[in-house]
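Let's take a walk through this structure together. Keep the picture open while you read, and look up each spot as it comes along.

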Amino acid sequence: MNHAMSANNPSELPVVSDRLSHKAMRHVSERIIEALLFAAAAVSVLTTVGIVYVLVSESVQFFQQVSIVDFLTDTQWTPLFDDAHFGIMVLISGTLVSSFVALIVAIPMGTIIAIYLSEFAHGKVREVAKPILELLGGIPTIVFGYFALLMVTPLLQKIFPELPGFSLLSAGLVMGIMIVPYIASLSEDAMRAVPMSLREGSYALGSTRLHTALHVVVPAAFSGLAASYILAISRAVGETMILAVAAGMQPNLTWNPMEPAATITSFIVQVALGDLPHGSIGYQTIFAAGLTLILITLMFNILGQWLRRKFRESY
Amino acid sequence: MHANSLTTEQIRALIAKGKLKDAIFKVLGIFCLAVALLVIVLLVSDMVAKGSERFTVDFFLNFASRRATQAGILSAWVGSLLVMLVTALAAVPIGVAAGVYLEEYAKRNWITEIIEINITNLAAVPSIVYGLLALGIFVYQFGFGQSILSAGLTLALLILPIIIVSTREAIRAIPAMIREGSMAVGATRWQTCRYHIIPYAMPGILTGVIIGLARAIGETAPIITIGALTFIAFLPPVPYTTGADGVTAGMFDWVMSPFTVMPIQIFNWTSRPDPAFEVNAAAAGFVLMAMVLTMNGIAIYLRYKMRKNIKW
């Protein structure tokens, strides 16, 4: 109060400079706050460093006991038995088959929904449809697992009577439904970013909506579509609970979706449910499996980057 | 007849064919959307139909039990709430701070670029990998054990990208004139953020936080990976009360307590061979769905309102 009054009085100018002396403190606290905010932003980098550190350091110990050649070529996966075999291909086959089934459902459905919402639907339909898709994408995966095991499997068994109670097929189908919202929403964003003039040009030449959508909009937005497919693959490969619940957890080297099989993720869950001592070979196995999972995801992401660069269109 | 001199009838037929294809695709699009809606409706109605006999007060107040009819979800929903509390306390300040830093402070250099690429990539990392990270770092390196603290921090890391991205989007929507006005009257950068940017971005940030927490509350895999137990017949200690063992709990003892959460309880019941537990799984699944869908619904509503209200 005093300060404010004296500052208003022009005859007491030195008081103003006294007030300005606060500026130094202000400067320091600004710097401290900036440092704190930077530290918060750096947490994400630390997370990545932590993930790489944990996976690599435990896997290094694992590979001191198991040779990489065995790891990649053995056709049996029995890490917890006395006669231990560590053939990761067994788990990779389950992961790839279930992801493949999921993508066969998710890519066509997601793309069709995206084209419909971006090129055909009224604004009002879109405003209703997008929240519905968001809700579908928000359903917990454990609930999808329940759905796959107790609803989809019995339904499929009516069509294929020989289908066992656990199968990659029903888990994969439900996983596909789960992924649809991701593809639909990202692909729609990509297609809506295509400039209107391209569509107008196509319409002016007499094209129908569908022809414009398939031959003008989709090619123009292809890099965005590819990105959404890659994200979908990452989701499918990394999905855990649906597979742990509905696909059974027995390791099984198979390419047939009608069979039960373990995947990389469901194996990790199975081991974590048991009580493995810290530092044992079984404990290290899940980190080696996790590293494999991350490398598969990374591989698809690099492929995606390449696809995006190759097909990028700019206007 | 020459190809490019079609008769009127032929042109009409061509147009009709094109329109028919359009219509077919439209039906296909609506059908695919309907499948998505149908799955939600089927799921909810099945869980209600199967689980309705368990919707009693006892179900919410009983612990897990060997007998399906007496088993309840008390430890599960309390555990879920406490884990969410830790997650929110960790993820919200860090996420918002990171978002503010990247939008308002960061210079365009390689460090900023690394942080940004990182956040994008972390969003694609499978959730179970966060569980492995937490198992190695939180559980063993830091010695937090299989506690509420470990689980809360794990889920906080998992939803951090969601909160950061939504904070950044909300901040980006604030026009530059707000900052210029604030700076012009002598506010520092932080004062501008504290009194203008963050309050105005609040609805957007809140939307992101709710979506993030809705994702976290349904996550199962990372929590199983850190070794949460599936059968817990006690609650974490309430601060400043004396338990049966005569030990008075401190303020923060509950964060180190073993726990279980809703999704793990559902997983446990789903994987039991006895079909009586299917009823429990359905009922608990419905409770979890109700929590998640409500949270997502609030977020969608908030966003819808925001778009209508804000005019700078």
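## Starting at one helix end

Find Arg172(B) to begin with: this residue lies in helix H6 of chain B. One thing to know before going on is that this is a predicted model.

Is Arg172(B) buried or exposed? Count the other C-beta atoms within 10 Å of Arg172(B) and you get 12. Exposed means 12 or fewer, so Arg172(B) counts as exposed. Now look for Gln141(B), which is 31 residues away from Arg172(B) in sequence. In space, their C-alpha atoms sit 38 Å apart.

## The helix around it

Helix H6 of chain B covers residues 148-172, which makes 25 residues. From the first C-alpha to the last, H6(B) reaches 35 Å, close to the expected 36 Å at 1.5 Å a residue. Even so, there is a kink of about 45° at Ile159(B). The proline Pro161(B) comes shortly after that kink.

Arg172(B) may be exposed, but H6(B) is mostly covered, with 22 of its 25 residues buried.

Next, look at helix H8 of chain B, residues 189-218. How far would a straight helix of 30 residues span at 1.5 Å a residue? The answer is 44 Å, yet H8(B) spans only 38 Å between its end C-alpha atoms. H8(B) also bends, by about 60°, at Met202(B). Here too a proline turns up: Pro203(B) follows within four residues.

## A glycine on the inside

Gly95(B) is found in helix H3 of chain B, which runs over residues 74-105. This glycine has 29 other C-beta atoms within 10 Å. Buried takes 20 or more, so Gly95(B) is buried.

Which residues does Gly95(B) touch, if you skip those up to four places away in sequence? They are Leu160(B), Ile163(B), Ile164(B) and Thr167(B). Leu155(B) makes a handy marker as well: Leu155(B) and Gly95(B) are 60 residues apart along the chain, while 13 Å separates their C-alpha atoms.

## Stepping back to whole chains

Time to zoom out. Chain A has 14 helices and zero strands, and chain B has 11 helices and zero strands. Here are some overall values for each chain.

| Chain | Residues | Radius of gyration | Compact globule would have | C-alpha span along principal axes |
|---|---|---|---|---|
| Chain A | 315 residues | 28 Å | near 20 Å | about 100 × 70 × 40 Å |
| Chain B | 312 residues | 26 Å | near 20 Å | about 100 × 65 × 35 Å |

Buried residues make up 45% of chain A, and for chain B the figure is 45%. What about contacts along the sequence? In chain A, take the contacts between residues at least 6 apart: 72% of them join residues at least 24 apart. In chain B, residues 24 or more positions apart account for 77% of the contacts with a separation of 6 or more.

How confident is the predictor? Chain A averages a pLDDT of 87, and 92% of its residues score at least 70. Go easy on residues 1-7 of chain A, though, where pLDDT stays under 50. For that stretch the model has seven contacts beyond four places in sequence.

## A covered helix in chain A

Helix H13 of chain A, residues 264-273, is mostly covered: nine of its 10 residues are buried. Among them are Ile264(A), Phe267(A), Val269(A) and Leu273(A).

What covers the buried residues of H13(A)? From chain A, the cover includes helix H5 (89-120), helix H11 (222-238), helix H12 (241-246) and helix H14 (281-311). Chain B joins in too, with helix H5 (127-141) and helix H9 (221-225) among the covering elements.

## Where the two chains meet

How many residues of chain A are in contact with chain B? There are 68, and they meet 66 residues of chain B. On the chain A side, helix H3 (residues 22-65) gives the most, with 19 residues. Sorted by class, that side of chain A has 46 nonpolar, 16 polar and six charged residues.

Terms used:
Residues are numbered from 1 along each chain as its sequence is written. Chains are lettered from A and ligands numbered from 1 in the order in which they are written. This is a predicted model: local features need pLDDT of at least 70, side-chain atom pairs count only at pLDDT 80 or more; totals for chains, interfaces and linings use all residues. Two residues are in contact if their C-beta atoms, placed from the backbone, lie within 7 Å. Helices (H or I, at least four residues) and strands (E, at least two) are DSSP runs, numbered from the N terminus. Ala, Val, Leu, Ile, Met, Phe, Trp, Tyr, Cys and Pro count as nonpolar, Asp, Glu, Lys and Arg as charged, and the others, Gly among them, as polar. The expected span of a helix is 1.5 Å times one less than its number of residues. The bend at a residue is the angle between axes fitted to the seven residues ending there and the seven starting there. pLDDT is the predictor's confidence in each residue, from 0 to 100. The radius of gyration is taken over C-alpha atoms; the globule rule is 2.2 Å times the number of residues to the power 0.38.
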